[in-house]
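Biologist: I have a model open and want to read its strands and cores. Shall we go through it piece by piece?

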Amino acid sequence: MTTIPAASNTSTTAGAKAHARAQEAEAAASGAPDAVVPAETWTGQITADRGDVVWAETVAGGSYAHRVLAAGSSVRLTDIAGDACASVLLYNADAPWERLNVADTAKVQWQVYTAPGQLLLSDQGRVLASVVDDTSGHHDILYGTSAEARNVERYGDGAPEGASPAGRELFAVAAAKNGLGRRDIAPSISFFQGVTIDAEGSPTFTGSSGPGGSITLRTEMPVIMLVANAAHPLDPREEYIASPLEIVAWRDRRTDPSDPRWSATPEGRRAFENTADYLKGRGIA
């Protein structure tokens, strides 16, 4: 908790300024959740051959993050303590009406479970991002994130500033900061809290794989990424539980035809070709 200097009285402009600066200094010193580390000063475990870090942030449980990323950026999400749930939405940064379509992501690739090689497809049949690495294996593409009404029913509150914020409410705040509205919040994909489907079609919540699990995405187009770190809607625990999430992104490269992922499946190859054609027309390729 931040200690307000005795001389700081927030009822005055000078006191409010001193209080705000004290909060910033303490957060930076402690590495507190929600702290955005200047990318050029980040000293985590990204090797030099992976390029320059462009985003480094720790997202508290019950909070959100957002960033516009260039095509060919790698983004690593890490479940630090084992109870993060990173719900993610992606949009074409140049035309944000094109967005992640989780239904097409599953059905076009004949696979409902996230793993390396999965392509996160847009509603235009293009690849917004691809999964290049995964040490968790506990994810969910079907059930999205929590809604305010459900969190009010379960926990007594679902507002973004409350004790148990709903994922959709966090998305709404992040979306607004990128010129998007509630109608732009589509179903999301969630990482680090797993769901499996049995032979009868019923879901089983498998939870986390434990602390330190990570997943790395590669952006194949310029994207807006929204992240909500909120308790999974199928989490059976009575308490609202969501632990910190680390996000680190660095400059990398887009997938090209020489990469085995490009031609791993006919469906994936067509999606990559659609993406390359679009980017060439936009002068990005």
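Biologist: How many bridges join strand 9 to strand 10?

Modeller: This is a predicted model. Strand 9 covers residues 194-197 and strand 10 covers residues 203-207. They run antiparallel, with Gly194 standing opposite Gly207. The number of bridges joining them is four.

Biologist: Which residue in the hairpin of strand 9 and strand 10 takes a positive phi?

Modeller: Five residues lie between the two strands of this hairpin. One residue there has a phi near 90°. That residue is Gly201.

Biologist: Which strands are the edges of the open sheet of five strands?

Modeller: The order is 2-12-4-8-7, with antiparallel pairing. An edge strand pairs on one side only. The edges are strand 2 (63-69) and strand 7 (139-140).

Biologist: What is the bridge partner of Asn92 in strand 12?

Modeller: Strand 4 (residues 86-92) pairs with strand 12 (residues 223-229) over seven bridges. The pairing is antiparallel. Asn92 has as its partner Val223.

Biologist: What angle does helix 4 make with strand 12?

Modeller: Helix 4 (residues 167-176) packs on the sheet. It touches strand 2, strand 4 and strand 12. Its direction and that of strand 12 make an angle of about 145°.

Biologist: How many residues are in the second, separate core?

Modeller: The largest nonpolar core has 33 residues, and Leu90 is among those touching the most other members. Contacts of Leu90 include Leu120, Leu128 and Ile224. The second core is separate and includes Tyr91, Ala174, Leu226 and Ala228. Its residue count is 17.

Conventions: Residues numbered from 1 in each chain as written. Predicted model: local features only at pLDDT ≥ 70, side-chain atom pairs only at ≥ 80, totals over all residues. Heavy atoms only, no water. Pairing = 2+ DSSP bridges. Contact = heavy atoms within 4.5 Å. Axes fitted to C-alpha atoms, helices over the stretch in contact; angles between N-to-C directions. Core = buried A, V, L, I, M, F, W, Y, C linked by side-chain atoms within 4.5 Å. Buried < 20%, exposed > 50% of the residue type's maximum accessible area, 1.4 Å probe, protein only. Lists of a residue's contacts leave out its neighbours within four places in sequence.
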